[in-house]
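The exercises below are meant to be worked through with the sequence and the coordinates side by side. Try each task before reading its solution.

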Amino acid sequence: MGLLILNDDKSFLDKAKRYFFKRGFQIHLGDNGVDGLVYIVNYQPDAIITNVNLNALSGIDLYCLVKSKSSFSGKFYFISEKNDDEEFDFYNERHKIYSEKTVFNRILPLLFQT
């Protein structure tokens with residue numbers, strides 16, 4: 001399963017890469033939303049884990065752009081530096097924003113749901 005992880009925190013990217021690689025994922029990393037667009041076009045990942053606040057193009061703006069302009073069918077998972085999970089509505093869908101502190105264990109089971 002291909003996984004794109006976008007975060008401007010290099011230590012978070014390193015931890016995420018090790019965590020998901022050990023669990024058999026093919027990993028692509030980027031530190032801004034523009035990188036995310038390139039990876040989505042080139043690699044068509046099955047899922048994207050993105051920080052909501054990224055440089056150049058935020059995770060939310062990336063989601064909006066991809067949803068409105070492409071046929072990408074992968075799942076988006078949003079993360080934040082905040083300690084608590086949050087939720088927001090967009091494109092008639094309810095989305096959860098996971099805390100960076102709990103994101104790995106919370107998202108892993110979701111990646112295997114159909």
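**Exercise 1.** Leaving aside its neighbours within four places in sequence, with which residues is phenylalanine 20 in contact?

*Solution.* The model is a predicted one, and side-chain atom pairs count only at pLDDT 80 or more. With neighbours within four places in sequence set aside, phenylalanine 20 is in contact with Leu3, Ile5, Phe25, Ile27, Ile49, Phe104, Leu108 and Leu111. The next step is to place this residue in its core: the largest nonpolar core has 19 residues, and those with the most contacts inside it are Leu3, Ile5, Phe20, Ile49 and Leu111. Two or more residues of this core come from each of strand 1 (2-6), helix 1 (10-22), strand 3 (47-51), strand 4 (75-80) and helix 4 (103-111). A second, separate core of 15 residues includes Leu6, Leu54, Phe72 and Ile97.

**Exercise 2.** Establish which residues of helix 1 are buried, and how they are arranged around its axis.

*Solution.* Begin with the length: the 13 residues of helix 1 should span 18 Å at 1.5 Å a residue, and this agrees with its end C-alpha atoms, which are 18 Å apart. The buried residues of the helix are Phe12, Leu13, Ala16, Tyr19 and Phe20. Seen down the axis of helix 1, these buried residues fall within an arc of 135°, so they line one face of the helix. They pack against strand 1, strand 2, strand 3, strand 4 and helix 4, whereas the face turned away from the buried side carries the exposed residues Lys10, Phe21 and Lys22. After helix 1 comes glycine 24, whose phi is positive, near 90°.

**Exercise 3.** Is asparagine 32 buried or exposed, and what does asparagine 32 touch?

*Solution.* Asparagine 32 lies in the loop between strand 2 (26-30) and helix 2 (33-43). Because its relative accessibility is 15%, and buried means under 20%, asparagine 32 counts as buried. A polar atom of its side chain lies 2.8 Å from the backbone nitrogen of aspartate 35. Not counting residues up to four places away in sequence, asparagine 32 touches Leu6, Leu54, Asn55, Ala56 and Leu57.

**Exercise 4.** What is the phi of alanine 56, and where is alanine 56 found?

*Solution.* Most residues other than glycine have a negative phi. Alanine 56, however, has a positive phi near 70°; this residue is found in the loop between strand 3 and helix 3 (59-69), and it is exposed, with a relative accessible area of 70%.

Note on methods:
Residues are numbered from 1 along each chain as its sequence is written. Side-chain values use heavy atoms; hydrogens and water are left out. Helices (H or I, at least four residues) and strands (E, at least two) are DSSP runs, numbered from the N terminus. Buried means under 20% relative accessible area, exposed over 50%, partly exposed in between (1.4 Å probe, protein chains only). A polar contact is a pair of N or O atoms within 3.5 Å; within protein, one must be able to donate a hydrogen and the other to accept it, and residues adjacent in sequence count only if both atoms are side-chain atoms. Contact means heavy atoms within 4.5 Å. A nonpolar core is a set of buried Ala, Val, Leu, Ile, Met, Phe, Trp, Tyr and Cys residues joined through side-chain atoms within 4.5 Å. The expected span of a helix is 1.5 Å times one less than its number of residues. The arc is that of the directions from the helix axis to the C-beta atoms.
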